Amino acid sequence: MKIVIAASEVVPFAKTGGLADVCGALPLELEKEGQAVIIVMPGYKTARNLKQPAVKRLKEGISISRIGKNINVYFIDNDEYFNRDSLYGEPKTGDYQDNLDRFSYFCKRTLELLKELKFAAGIIHCHDWQSALIPIYLKTLYAKDDFYKSSKTIFTIHNIGYQGLFPKQEFPKLGLDWNVFNMEMLEYFDKINILKGGIVFSDLVNTVSETYSKEIQTKQFGFGMEGILNKRRDSVFGIINGLDYSIWDPSRDKTIFKNYSFKRIEDKYVNKEELQKISKLPLKRNVPLLGIVSRLAEQKGFDILSEGIDAICKMDLQLIILGTGDLKYHQILEQMVKKYPKVISLSLKFDDTLAHRIYAGSDIFLMPSKYEPCGLGQMISLRYGTLPLVFKTGGLADTVNEENGFVFDNYSKDELIKTIKKAIKVYKDKIQWNELMLRGMKLNFSWAQSAKRYIELYERAKGK
Ligand code: ADP
């Protein structure tokens with residue numbers, strides 16, 4: 001099958017979160033399964049400057065690179081739109097004002113590029129609102145275009161909280177007829193909602209875990225999209241993300257201090273000690289070290305975490321936090337570091353190497369997300385023998401349980417604190433702790449299984 005992956009971020013070219021991990025790993029697995037895959041993404045500054053794999057100019061406005069054995073990655077270049085320091089906006093000023101121009105350009109140019117390449121795709125797999133205009137354009141502007149008559153679209157929602165909402169006045173920029181601006185299609189309370197259009201116009205919709213695919217059809221988790229998703233419920237699926245174990249494997253990971261596996265678990269503690277050193281925390285082997293690698297956002301549980309942080313810091317533990325996000329949480333956490341310098345270490349940045357070292361060196365991985373479409377952190381930490389502590393939601397509910405970590409199912413600071421206390425108690429029992437660690441490390445969330453499920457989904461779309 002000829003498959004196009006169209007996404008706004010792809011590892012190793014550009015990443016702000018799990019979307020990039022997925023769009024970098026799934027194509028590799030599809031290729032292994034014998035599928036003909038290409039990727040199209042915006043030509044951001046970070047991508048254009050990458051040395052390995054090299055990105056080269058193919059022609060005016062298009063660059064190219066290659067991953068896997070033979071997967072061409074095409075970049076839609078446009079200096080005005082994509083030659084910037086960030087992908088979607090700046091931390092201080094928020095989203096770029098011209099995001100609709102940027103990503104509608106990306107989608108239009110992608111559809112033209114496929115024609116220029118004569119790549120007659122069976123499946124165009126789009127991800128999140130930034131590529132959601134592709135299915136919309138296919139069913140409108142390109143409805144009578146012979147080149148696309150056999151192309152079907154899959155739309156994967158990685159996080160329904162980000163919908164691409166824009167003022168109605170910007171609608172003419174899209175080049176669409178006003179007749180699609182209605183409550184059944186692109187309109188949402190007098191605004192343009194690009195994600196909603198993606199849900200309506202794609203052939204099949206999926207999200208990144210079974211539980212989340214059900215949750216988003218409810219008022220509590222749907223962010224206003226529950227109605228439209230309910231209407232399409234026979235076309236909505238859930239496929240859990242896999243992990244790329246060529247990147248996330250403590251026995252081969254070149255960024256950690258010492259490699260280890262479930263057969264050499266002692267060496268994990270070399271990582272703990274080195275992590276304590278670089279984090280300037282006291283070297284204490286028997287005090288549980290809690291790690292966080294996350295966007296600092298309410299979605300990731302930082303509301304209850306900041307409510308409870310003072311009490312948490314008073315416990316017999318150490319806490320290492322790596323992340324960037326809402327200024328509010330930066331400030332709260334900075335205050336805590338001043339108050340408890342021997343307990344908390346804080347790095348307010350995006351740092352891939354440090355992330356690997358935290359997964360390897362911590363004992364417990366804290367991920368109390370309020371909602372979590374899939375979540376990679378808990379799967380990574382399981383492989384690194386770092387027990388996840390999570391709120392029971394979305395992909396966290398599908399991957400973590402009492403057999404491999406700690407789960408609470410009432411979203412509140414008190415429950416979070418109670419569960420941390422419970423984890424610390426178990427931590428003192430070395431035999432039980434080792435059993436939990438080993439069980440987690442042996443779990444397999446590789447892409448092989450999930451890629452097979454995507455191929456089934458593609459087949460289903462083809463049959464529509
Ligand atoms: P998200 O909702 O942010 O996509 P996921 O759990 O799906 O959450 O994926 C987050 C990914 O980004 C993981 O690979 C995690 O290790 C990584 N990550 C998040 N914040 C940072 C950071 N500050 N530095 C390095 N890596 C980070």
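Two residues are in contact when heavy atoms of theirs lie within 4.5 Å. Keep that in mind for the views below, which all come from a predicted model.

**Figure 1. Close-up of T110, a buried residue in helix 4.** Start with the helix: T110 has its place in helix 4, which covers residues 99–117. Is T110 buried or exposed? Residues under 20% relative accessible area are called buried, so T110, at 1% relative accessibility, counts as buried. Who keeps T110 company here, once its neighbours within four places in sequence are left aside? The contacts of T110 are then V40, I76, I134 and Y148.

**Figure 2. Close-up of an open sheet of 3 strands.** Follow the strands across the sheet and you meet them in the order 10-12-11, with antiparallel pairing. Why is one side of strand 10 and of strand 11 left without a neighbour in the sheet? Strand 10 (165–167) and strand 11 (187–188) stand at the edges and have a single partner strand each, so one side of each has no neighbour there. Now look at strand 11 beside strand 12 (residues 191–193): these two pair in the antiparallel sense over 2 bridges. Here you can find Y188 standing opposite K191 of strand 12. Helix 6 (residues 194–201) packs on this sheet and touches strand 10, strand 11 and strand 12. The direction of helix 6 makes about 50 degrees with that of strand 12.

**Figure 3. Close-up of the second largest pocket.** This pocket holds about 240 Å³ of space. Which residues line the second largest pocket? Walking along the sequence, you will find G161, Y162, Q220, F221, F223, A297, E298, Q299, K370, Y371, F391 and Y411 in the lining. Sorted by class, the lining of the second largest pocket has 7 nonpolar, 3 polar and 2 charged residues.

**Figure 4. Close-up of the largest cavity.** Rolling a probe the size of a water molecule over the atoms reveals where empty space is left. How many cavities of 30 Å³ or more does a search of the whole structure find? The search finds 1, and the largest cavity has a volume of about 30 Å³. Two elements give two or more residues to the lining of this cavity: helix 11 (302–313) and helix 12 (327–339). Helix 11 gives the most, with 4 residues. The lining of the largest cavity consists of F302, L305, S306, I309, Y329, I332 and L333. By class, that makes 6 nonpolar residues, 1 polar residue and no charged ones.

Note on methods. Residues are numbered from 1 along each chain as its sequence is written. This is a predicted model: local features need pLDDT of at least 70, side-chain atom pairs count only at pLDDT 80 or more; totals for chains, interfaces and linings use all residues. Side-chain values use heavy atoms; hydrogens and water are left out. Buried means under 20% relative accessible area, exposed over 50%, partly exposed in between (1.4 Å probe, protein chains only). Two strands pair if DSSP finds at least two bridges between them. Axes are lines fitted to C-alpha atoms, for helices over the stretch in contact, and angles run from 0 to 180 degrees between N-to-C directions. On a 1 Å grid over the protein atoms alone, a cavity is a set of points where a 1.4 Å probe fits but cannot get out, and a pocket is an open set with protein on both sides within 12 Å along at least five of seven lines; lining residues have an atom within 4 Å of a point. Grid points are joined across faces, edges and corners, and a volume is the space filled by probe spheres set on the points. Ala, Val, Leu, Ile, Met, Phe, Trp, Tyr, Cys and Pro count as nonpolar, Asp, Glu, Lys and Arg as charged, and the others, Gly among them, as polar.
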